[in-house]
Each structure stands twice: as C-alpha cells, then as structure tokens.
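Colleague: Thanks for sitting down with me. Could you walk me through this model, one question at a time?

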Amino acid sequence: MLQIILFWFKTKAAKAARKILSSEFKKNEIEDILKGYWSRYIVLRRDIEKQPTFGGTVMVHLAGMSTAFYNELIKRGASDTQTTQYFYDIAWKVYKIMGRFSWNLTRLKYRNNSKRLAYATELFRAFPFNSPSYKWKNIPQADDSVCFNCTKCPVAEYFETKGLSEFCVKTWCALDFPLANMWNAKLERTNTIAGGAIVCDFKWKPNN
C-alpha cells in the first residue's frame, strides 16, 4: 500500500513539476531532474524509519522525496530561494487535491461552514497526520474557531536531520495557509516546530 500511495504522489508531483519548471528548464532538463531526484530519494529511503502509524510513514517518505528534490535542484545550480519556490508551487498542486477531497467529504455530513471546517481538520488528523506519529492537543474556543496544537511532527524532525528546517517552514508549513482559504477559512499561526518552537499552534477561523 505504501508503494501505491507514493507512486500516486510521484505521478502527481511529476505532472506538476513539468508545468512549474517549464518556464526555466528545457523539457529534457526537467526529465533529468525528475529522474535525478527520484534516484536521490531511493538512497534516502534506506534510512527512513517506519513510523507508529501508516500515515506518519507516508509523510516522512514524502519529506524524503522533498529533500531529494531540493538537493537535485541545488546541485543543478538553482538558488535556495528558487528551489523553495519551485517546490512550494509544485507541492501546492498536489496538496490541494488532498484538501479538496477532504473538503468535499465534509459536505456529505454538514452544510454549516464552521462544522465543515472542524470536520475537515478532523479528517486530516485522522489520516495522514494521525497520532501517535503526530501528537495533537485540542484547545476549546468560545466561538466557532477550531484551535489545536501539534506537539510532535515527524516531518519537522526529519527535515531537521537534513538541515532543512527553514525549507520545511517555507513549504510544508506554509501550505496550510492556502489550504485554509480552500476550506473557506483563515489560519492564524504564530509558531511551528520546524521553526524552532515547542508546538505548532493552529487556529482556524471560518469565514462568515
């Protein structure tokens, strides 16, 4: 099952990469990049440890793929800023598929926007960001906001071992903000584990 899911991500990411990278790279260069990063990931995955949950294992493997992509572009002369932006744009095209699927599922159960938002965040924390690979603490709110802290993130831990915590903050962590917009909400967050904090504090505020 892991290989099937990773193949899906690999295919979707490759499709997105061909579009995003086409403005700066020739077609044959893009194909070489795709082959190169995958070869790097194959090497990295040997040391990726199995997580307590299947979802956590998938996410850390995706972090390994992300690391491989970053290293491949840096090797080819792209700057850190360019590489980070390329990856952000590519990753969003894939992440929004996941986000849209979860948001559409909420419509089957709720019509109210705030309840849909709460359910969407529950779905993501049920899979792939599920405990105990990830650890969550709900923070009750007086209004319709959905608030919780992430106290353990295996992806942040992985990127730290590769010296890519800042890359994680600017890509993986940053993608939660457009995701909130997709879910008809606004995300407020002041800290992330990848950014050096003890917790990632999430506050999702539904749009009226």
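Modeller: Happy to. Helices (H or I, at least four residues) and strands (E, at least two) are DSSP runs, numbered from the N terminus. This is a predicted model, where local features need pLDDT of at least 70 and side-chain atom pairs count only at pLDDT 80 or more, while totals for chains, interfaces and linings use all residues. Residues are numbered from 1 along each chain as its sequence is written, and side-chain values use heavy atoms, with hydrogens and water left out.

Colleague: Let's start at the beginning of the chain. Is Met1 buried or exposed?

Modeller: Met1 sits in the segment before helix 1 (2-20). Buried means under 20% relative accessible area, exposed over 50%, and partly exposed in between (1.4 Å probe, protein chains only). Met1 has a relative accessible area of 65%, so Met1 is exposed.

Colleague: Which residues form a nonpolar patch with Met1 on the surface?

Modeller: Patches are made of residues with over 30% relative accessible area and no salt bridge; like charges are joined within 9 Å, and nonpolar side chains (Val, Leu, Ile, Met, Phe, Trp, Tyr) within 5 Å. Accessible areas come from the Shrake-Rupley method with a 1.4 Å probe, and for residues only the protein chains shown count as cover. The patch has about 440 Å² of accessible area together, and the partners of Met1 in it are Ile4, Phe54 and Phe127.

Colleague: Phe127 caught my eye. What is the peptide bond from Phe127 to Pro128?

Modeller: Pro128 is found in the loop between helix 5 (113-126) and strand 1 (135-138). Pro132 has its place in that loop between helix 5 and strand 1 too, and a cis peptide bond with omega about 5 degrees joins Ser131 and Pro132. For the bond from Phe127 to Pro128, omega is near 10 degrees, and the bond is cis.

Colleague: How do the axes of helix 1 and helix 4 cross?

Modeller: Axes are lines fitted to C-alpha atoms, for helices over the stretch in contact, and angles run from 0 to 180 degrees between N-to-C directions. The axes of helix 1 and helix 4 (residues 80-107) come within 9 Å and cross at roughly 130 degrees. That makes helix 1 oblique to helix 4; angles under 35 degrees count as roughly parallel, over 145 as roughly antiparallel, 65 to 115 as roughly perpendicular and the rest as oblique.

Colleague: On to charges. How many salt bridges does a search of the whole structure find?

Modeller: A salt bridge is a side-chain nitrogen of Lys or Arg within 4 Å of a carboxyl oxygen of Asp or Glu. One of them pairs Lys152 with Glu157, with the closest N and O atoms 3.0 Å apart. Searching the whole structure gives a total of 7.

Colleague: Where are Arg189 and Asp176, and are they buried or exposed?

Modeller: Their side chains meet in a salt bridge at 2.8 Å, N to O. The pair links distant parts of the chain, 13 residues apart, with Arg189 in the loop between strand 3 (185-188) and strand 4 (200-206) and Asp176 in helix 8 (176-182). Both residues are buried.

Colleague: How far apart are the closest N and O atoms of Arg40 and Glu72?

Modeller: Arg40 is partly exposed at 28% relative accessible area, whereas Glu72 is buried at 2%. Arg40 forms a salt bridge with Glu72, and their closest N and O atoms are apart by 2.6 Å.
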